[in-house]
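This report describes one protein chain, going from single residues to the chain as a whole. The sequence and the structure are shown first.

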Amino acid sequence: ILPLGEQIERESYRPGERMKFYVKSVSMGSKGPEIIVSRASPEMVRELFRVEIPEVASGVVEIKSVTREAGGRTKIAVTSNDPNIDPIGSCIGQRGGRIQTIISEIGGEKIDVIQWDENAQKYIAGSLAPAKTKSVVLNEGAMIASVTVPDAELSLAIGRAGQNVRLASKLTGWKINIVGEKGEQVASSEEAPPVPEEITPSA
């Protein structure tokens with residue numbers, strides 16, 4: 001069973017087509033075994049990285065966090081257990097070959113591969129990619145980060161309908177306020193409109 005909420009928006013499913021799915025659950029129903037599969041789960045992307053990227057499969061590159069708005073954008077934070085291995089480069093591959101294979105598998109959805117860092121300021125700054133940041137000020141008690149972004153990068157940092165800052169917040173676990181060069185707050189991850197829980201399939 002592929003519930004509506006587990007489908008990728010605007011994606012069609014035709015009998016006989018070969019596709020990958022993530023198995024969310026297996027249970028015994030009244031009519032026998034029931035398998036729930038997903039194309040929209042963040043775990044779908046995590047498993048695709050394990051399948052397509054040898055360094056992830058071997059554990060040399062570790063996936064720390066994944067967050068996703070299916071059909072739009074995924075952010076995935078990675079780190080390496082070997083100082084000689086570049087985790088982002090390993091995931092992207094030569095000329096982007098590895099990451100393009102994964103993107104093609106999920107219908108062209110954008111994927112931002114982020115360098116995980118135990119330093120929260122560096123991690124949060126990186127999580128807003130592709131936008132560049134100037135500074136990150138933390139309120140550790142409230143788990144709020146105020147990120148100053150060059151005015152030319154504000155639209156990238158916020159993203160369409162707040163998607164980029166919202167995903168960065170979910171990835172890092174911090175509430176993120178976007179601040180312009182003049183010091184005024186222009187956006188917040190909490191104010192970004194939520195994504196509908198269930199995707200309505202296109203006609």
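## Residue R46 and its surroundings

R46 touches I63 and V66, when neighbours within four places in sequence are left aside; contact means heavy atoms within 4.5 Å. The residue R46 belongs to helix α1, and its relative accessibility of 15% places it among the buried residues. Buried means under 20% relative accessible area, exposed means over 50%, and partly exposed lies in between, with a 1.4 Å probe and protein chains only.

The model is predicted: local features need pLDDT of at least 70 and side-chain atom pairs count only at pLDDT 80 or more, whereas totals for chains, interfaces and linings use all residues. Residues are numbered from 1 along each chain as its sequence is written, and side-chain values use heavy atoms, with hydrogens and water left out.

## Nonpolar cores

Which residues have the most contacts inside the largest nonpolar core? They are F49, I63, I76, V78, C91, I111 and V113, in a core of 21 residues. Such a core is a set of buried Ala, Val, Leu, Ile, Met, Phe, Trp, Tyr and Cys residues joined through side-chain atoms within 4.5 Å. At least two residues of this core come from each of α1 (42-52), β3 (61-69), β4 (73-80), α4 (97-105) and β5 (110-115). Helix α1 gives the most, with four residues.

Beyond its neighbours within four places in sequence, C91 is in contact with F49, I53, V56, V61, V78, R98, I99 and V113. A second, separate core has 16 residues, including I124, L128, A168 and I178.

## Residue S169

S169 lies in helix α7 (residues 163-172). Is S169 buried or exposed? S169 is buried, because its relative accessible area is 14%. Not counting residues up to four places away in sequence, S169 touches W174, K175, I176 and S189. The C-alpha atoms of S169 and S135 are separated by 16 Å, and these two residues are 34 residues apart along the chain.

## Backbone features in loops

Most residues other than glycine have a negative phi, and most peptide bonds are trans. The table lists two residues with a positive phi.

| Residue | Phi | Place |
|---|---|---|
| R95 | near 55 degrees | loop between α3 (87-92) and α4 |
| A161 | about 55 degrees | loop between α6 (154-158) and α7 |

R95 is exposed, with a relative accessible area of 85%. A cis peptide bond, with omega about 15 degrees, joins A129 and P130. P130 is in the loop between α5 (120-127) and β6 (135-139).

## The chain as a whole

The chain contains seven helices and nine strands. These are DSSP runs, with helices of H or I and at least four residues, and strands of E and at least two, numbered from the N terminus.

The chain has a radius of gyration of 18 Å, which agrees with the value near 17 Å of a compact globule with 203 residues. This radius is taken over C-alpha atoms, and the globule rule is 2.2 Å times the number of residues to the power 0.38. The C-alpha trace spans about 60 × 40 × 35 Å along its principal axes.

Of the 203 residues of the chain, 42% count as buried. Among contacts between residues at least 6 apart in sequence, 56% join residues at least 24 apart.
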